[in-house]
Amino acid sequence: MVSLVSVATVYEVLEYLASEMTAAEILDDFPDLTREDLKACIAYAADGTSVYDCPIIPLKLLFDENLSPILPNRLRDIFPNSLHVRDVGMKATIDPIVWDYACI
């Protein structure tokens, strides 16, 4: 069984290993870690399933009424499908409602 190690700790362990700290030195500095934890960190790195391997999801922007309504068209090649609040009938809508719409 592998004990849970936070992502930040995994990153730190990998950084320590990359800086040539020995497993013994890491275990001395972090008494809660075990050799199995170190192996799990290395396995995680070797697995290749990091955030860098995730598919890129195009970012869609919703521009507030305080910004120019021409921005979505000007930025269409970088941020396709972006909209201005007036394009979705939300001109003069309060921020919490715009936020709720944007989060859908």
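1. Which residues does Leu 38 touch, not counting residues up to four places away in sequence? They are Val 13, Ala 23, Ile 26 and Leu 27. Leu 38 itself sits in helix H3. The model is predicted, and these contacts belong to that prediction.

2. Leu 38 is buried, because its relative accessible area is 6%, under the 20% cut-off. One further relation is worth a look in the viewer. Leu 17 lies 21 residues from Leu 38 in sequence. Their C-alpha atoms are 9.4 Å apart in space.

3. Leu 38 also belongs to the largest nonpolar core, which has 8 residues. The other members are Val 10, Val 13, Met 21, Ile 26, Leu 27, Leu 33 and Cys 41. Three elements give two or more residues each to this core: helix H1 (7-18), helix H2 (23-29) and helix H3 (35-47).

4. Now the overall layout. The chain has 5 helices and 2 strands. Read from the N terminus, the order is α-α-α-β-α-β-α. The chain counts 104 residues, and 15% of them are buried. Take the contacts with a separation of 6 or more: 29% of them join residues 24 or more positions apart.

5. How confident is the predictor, and where? Mean pLDDT for the chain is 78. A value of 70 or more is reached by 80% of the residues. Among the elements, S2 has the highest mean, 90. H1 has the lowest, 75.

6. The start of the chain needs caution. Over residues 1-8, pLDDT stays under 50. The model has 6 contacts beyond four places in sequence for this stretch. Where pLDDT is low, predicted coordinates should not be read in detail.

7. Is His 84 buried or exposed? His 84 is buried, because its relative accessible area is 3% and the cut-off is 20%. His 84 is found in strand S2 (residues 83-84), the element with the highest mean pLDDT. Leaving out residues up to four places away in sequence, His 84 touches Leu 62, Phe 63, Asp 64, Glu 65, Leu 67, Ser 68, Pro 69 and Pro 72.

8. On the outside, the accessible surface of the chain comes to about 8200 Å². Carbon and sulfur atoms hold 60% of that. A nonpolar patch of about 320 Å² is made by Leu 83, Tyr 101 and Ile 104.

9. Ile 104, one of the patch residues, is found in the segment after helix H5 (95-102). Ile 104 is exposed, because its relative accessible area is 85%, over the 50% cut-off.

10. Two backbone angles deserve a check. Most residues other than glycine have a negative phi. Glu 20 is not a glycine, yet its phi is positive, about 75°. Glu 20 is found in the loop between H1 and H2. At 69% relative accessibility, Glu 20 counts as exposed.

11. Asn 81 is the other case to inspect. Its phi is near 70°, a positive value in a residue other than glycine. Asn 81 is found in the loop between helix H4 (71-74) and S2. With 54% relative accessibility, Asn 81 counts as exposed, because the cut-off is over 50%.

Note on methods. Residues numbered from 1 in each chain as written. Predicted model: local features only at pLDDT ≥ 70, side-chain atom pairs only at ≥ 80, totals over all residues. Heavy atoms only, no water. Core = buried A, V, L, I, M, F, W, Y, C linked by side-chain atoms within 4.5 Å. Buried < 20%, exposed > 50% of the residue type's maximum accessible area, 1.4 Å probe, protein only. Helix = DSSP H or I, 4+ residues; strand = E, 2+ residues; numbered from the N terminus. Contact = heavy atoms within 4.5 Å. Areas by Shrake-Rupley, 256 points an atom, 1.4 Å probe, with all protein chains shown as cover. Patch = residues over 30% accessible without salt bridge, like charges linked within 9 Å, V, L, I, M, F, W, Y side chains within 5 Å. Salt bridge = Lys/Arg side-chain N within 4 Å of Asp/Glu carboxyl O. pLDDT = per-residue confidence, 0-100.
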